[in-house]
Amino acid sequence: MAILTPAETRRRVDASLRRRYRTEKLFRFYGLLSVLLGVGFLLLLFTTIIANGYGAFRQSFVRLDIQFDPAVVDPEGARQPDLLASADYAQLVKTSLRTIFPDVEDRASRRDLNALVSSGGGYELQRMVLADPGLIGQTRTLWLPAGDEVNLYVKGRAAEGESESQHLSEQQIGWVKQLEASGQLRQQFNTIFFTGGDSREPELAGIWGATKGSFFMLLVTLVLSFPLGVAAAIYLEEFAPRSWLVDVIEVNINNLAAVPSIVFGLLGLAVFINFFGLPRSAPLVGGLVLTLMTLPVIIIASRASIKSVPPSVREAALGVGASKMQMVFHHVLPLALPGMLTGAIIGMARALGESAPLLMIGMVAFIVEVPSGFLSPSTALPVQIYLWADSPERAFVERTSAAIMVLLAFLLVMNAAAVWLRSRFERRW
Amino acid sequence: MLLMEKEQEVAVKRELPEGAVSPSGRSSKAGPIADSAETDRIAPDTVGDVTARDPVIRVRGGNVHYGENHALRNISLDVGRNEVIALIGPSGCGKSTFIRCLNRMNDTIESARVTGDFRLDGQDIYARDTDVVMLRARVGMVFQKPNPFPKSIYENVAYGARIHGLASNRAELDDIVYGSLERAGLVDEVKDRLDEPGTGLSGGQQQRLCIARTIAVNPEVILMDEPCSALDPIATARIEDLIDELAQKYAIAIVTHSMQQAARVSNRTAYFHLGRLVEVGPTDRIFTNPSHKLTEDYVTGRFG
């Protein structure tokens, strides 16, 4: 082999250098491109959702003077709660509207007029009377939610400046303008959206029921899957003897983590509902199903974080005469905990966004009541989004997006908590 | 490679070594200290006297296999009370494996199989009824890389005493901690910051902290596995001074790659080569007048 002259060596290195730098530049460009594409799509997603959904946080209300007419509410004067409950409160709203627009005569126009105020207004009056029967016979000035089309029209006009609506008649638009001019129609922060359960009327539909359902479910999932997962990981990693049985268990845990979530739903349906007879649509069952789904994730994350504890710490503990148990619980576990918590929170975040297994166990039902416990029927946030996305009313579009925003906010909070916990408890060694 | 595996105490099997000197039956009857028959004094593969005057640890026919690898071949060696014995030899010769047998740290390596007669004060280290926690309380260990717990300095030293229940109240624990730090020559440097993490100290201080942690349990034997290999010469000198002081009270077996260190700190030196104990003898003789060719080559720097 001929020995190169220094000049020739320099020339060859120089040539190869240029090639290397070119490859590096290209690689960096591809990396940047993919990151930008990813960020771009994410921004697109967020802008669409926010643009569609921010409107749901404001709601139009109509000010009405409601006279709690004893003839309508309590014709017999008995003040019996069941009779009071079944009275026709919508009539009170209609009467009040007629006093504002007395010249509306024909049936069709009256129906149009009544559509200005949500049918939920009647329920609110019912609630007030049942809470305080002394109201009967009095007159109160109340802000009642406007009908969904009125609501959409007011918001749409604010955004786009158009004064036409395909869904409101000329006459209705006239009434709306008249109400606005007299200060009897205004927009407020939409508390109903955050405090209400589901409803067929978009203006009355809220996410509180679904949020509470999700909360109960995640509570069950956390309480069951975190201790179980951590205990299983510690046993497998530290105490289990090497044997084919443990290998089989390991392989199957990894397999379970990859099983499509709807299969867990089927399993939950067969085991928890059919075999154990737990009620359908209950957060308890949802939580159990999500536990099955989250458990392998937590076990895998916990095992990885136990494995990452440096052997020097184990040796140090054993070297001063710590027993195996003491070594694990005094030294390995505290060091592995941040990783375990991160794994658990990411598992929980996945569980929070999961809808497919919940469909199988009946949490997709239309449930108006806000759930009060682990066994009361409820839905979950992602299922609620699915339900609203399926609804025909136009006003549910913005509510769907708003619910997505709430769900994303919860996910962001949980992931931020994972990051915070990791940096808070991480110890260097 | 060795340390990542799981502890599995059950898997370590015991077999009587074939043709080993000192059948365990006899030594247990006569007592290991009184036993000074000529066959016991000289191991077949080893040049020099493997016995110590007042042995606290006595190994006869010790073998270690890591799976297929026969890492330690038929070792017989005593460690005497108040003696510092240095184990030297090229990398992979089995000296670390040997001292890790003495407190059963090899139990943590799944593939390790230890056979032969290992005794601490006449008690079989590998017997079924020997409690490994008790054994490690009596035979402490300082590792190659300083490995303080990621806890405060105080907790590092107090930990062993706490888990063994050596102190009945806080004052006694304080005494143990201060006493151990003092004997480790660290107390002046850390007494104002006992609450700070032990991992924040310098390398040499960390290693002295590890020594303080070891002596806080009040062991009878201290095993040191290249305790200075990660330290600078000044820190090394401090540790060596410390070893001199500790030798008043403890038996110390120290593995080292530095022949100067072996010469400085030890009374006896054992030279290991490819899993065999080639030569044992008083340190000054090993370094000035080795009997075996391999020892001579090593200590004169011809290889290793």
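So, the contact between the two chains: 25 residues come from chain B and 20 residues from chain A. Please keep in mind that this is a predicted model. On the side of chain B that touches chain A, the elements giving two or more residues are α4 (132–138), β6 (139–142), α5 (153–164) and α8 (203–215). Of these, α5(B) gives the most, with 4 residues. Sorted by class, that side of chain B holds 12 nonpolar, 8 polar and 5 charged residues.

Let me stay with chain B for a while. Chain B has 12 helices and 10 strands, and 49% of its 304 residues count as buried. For those of you who think in contact maps: among contacts in chain B with a separation of 6 or more, 70% are between residues 24 or more positions apart.

Now to the strands. One open sheet in chain B has 6 strands in the order β6-β7-β8-β3-β9-β10, and its pairing is mixed. At the edges stand β6 and β10 (276–282) of chain B; each has a single partner strand, so one side of each is left without a neighbour in the sheet. On average, neighbouring strands here are turned by 20° against each other, direction ignored. You have already met β6(B) in the contact with chain A. Helix α8(B), also on that list, lies across β6 and β7 of chain B and runs at about 170° to β6(B).

Which strands does β8(B) run parallel to? One is β7 (residues 221–225) of chain B, joined to β8(B) by 5 bridges. Another is β3 (residues 84–88) of chain B, with 4 bridges to β8(B), again parallel. If you would like to click on some pairs, B:V221 has B:A251 in β8(B) as its bridge partner. From β3(B), B:I85 stands opposite B:A253, and B:A86 stands opposite B:I254.

And is β8(B) covered or open? This strand, residues 251–255 of chain B, is mostly covered, with 5 of its 5 residues buried. Here is a bit of background. In a regular strand the side chains alternate between the two faces of the sheet. In β8(B), B:A251, B:A253 and B:V255 are on one side, B:I252 and B:I254 are on the other, and all are buried, which leaves both faces covered.

The other sheet I want to show is an open one of 4 strands in chain B, in the order β2-β1-β4-β5, with antiparallel pairing. Its edge strands are β2 (69–80) and β5 (123–124) of chain B, each pairing on one side only. Strand β1 (residues 55–66) of chain B is joined to β2(B) by 8 bridges, and the two run antiparallel. There is a pair of histidines to look for here: B:H65 stands opposite B:H70 in β2(B).

On to the nonpolar core. In soluble globular proteins, nonpolar side chains tend to be buried together. The largest nonpolar core in this model has 179 residues, and the members touching the most others are B:L87, B:L102, B:V221, B:I252 and B:A253. Although those five are in chain B, the element that gives the most to this core is helix α15 (residues 324–352) of chain A, with 13 residues. To see one of the five up close, take B:L102. Leaving aside neighbours within four places in sequence, B:L102 is in contact with B:I57, B:F118, B:I125, B:V139, B:V221, B:L223 and B:A253.

That brings us to chain A. How do α15(A) and α18(A) cross? Their axes come within 8 Å and cross at roughly 175°, with α18 covering residues 395–425 of chain A. An angle over 145 degrees counts as roughly antiparallel, and that makes α15(A) roughly antiparallel to α18(A). The residues of this contact divide into 15 nonpolar, 2 polar and 1 charged. Among those from α15(A) are A:L337, A:P338 and A:T342, and the α18(A) side includes A:F410, A:N415 and A:R422.

Last stop: A:S376, in the loop between α16 (356–360) and α17 (381–389) of chain A. Why does A:S376 count as partly exposed? Because A:S376 has 19 C-beta neighbours inside 10 Å, and a residue needs 20 or more to be buried. From A:S376 to A:G196 is 180 residues in sequence and 16 Å in space, C-alpha to C-alpha. Thanks, everyone, and do ask away!

Key:
Residues are numbered from 1 along each chain as its sequence is written. Chains are lettered from A and ligands numbered from 1 in the order in which they are written. This is a predicted model: local features need pLDDT of at least 70, side-chain atom pairs count only at pLDDT 80 or more; totals for chains, interfaces and linings use all residues. A nonpolar core is a set of buried Ala, Val, Leu, Ile, Met, Phe, Trp, Tyr and Cys residues joined through C-beta atoms within 7 Å. A residue is buried if 20 or more other C-beta atoms lie within 10 Å of its own, exposed if 12 or fewer, and partly exposed in between; C-beta atoms are placed from the backbone. Two residues are in contact if their C-beta atoms, placed from the backbone, lie within 7 Å. Axes are lines fitted to C-alpha atoms, for helices over the stretch in contact, and angles run from 0 to 180 degrees between N-to-C directions. Angles under 35 degrees count as roughly parallel, over 145 as roughly antiparallel, 65 to 115 as roughly perpendicular and the rest as oblique. Ala, Val, Leu, Ile, Met, Phe, Trp, Tyr, Cys and Pro count as nonpolar, Asp, Glu, Lys and Arg as charged, and the others, Gly among them, as polar. Two strands pair if DSSP finds at least two bridges between them.
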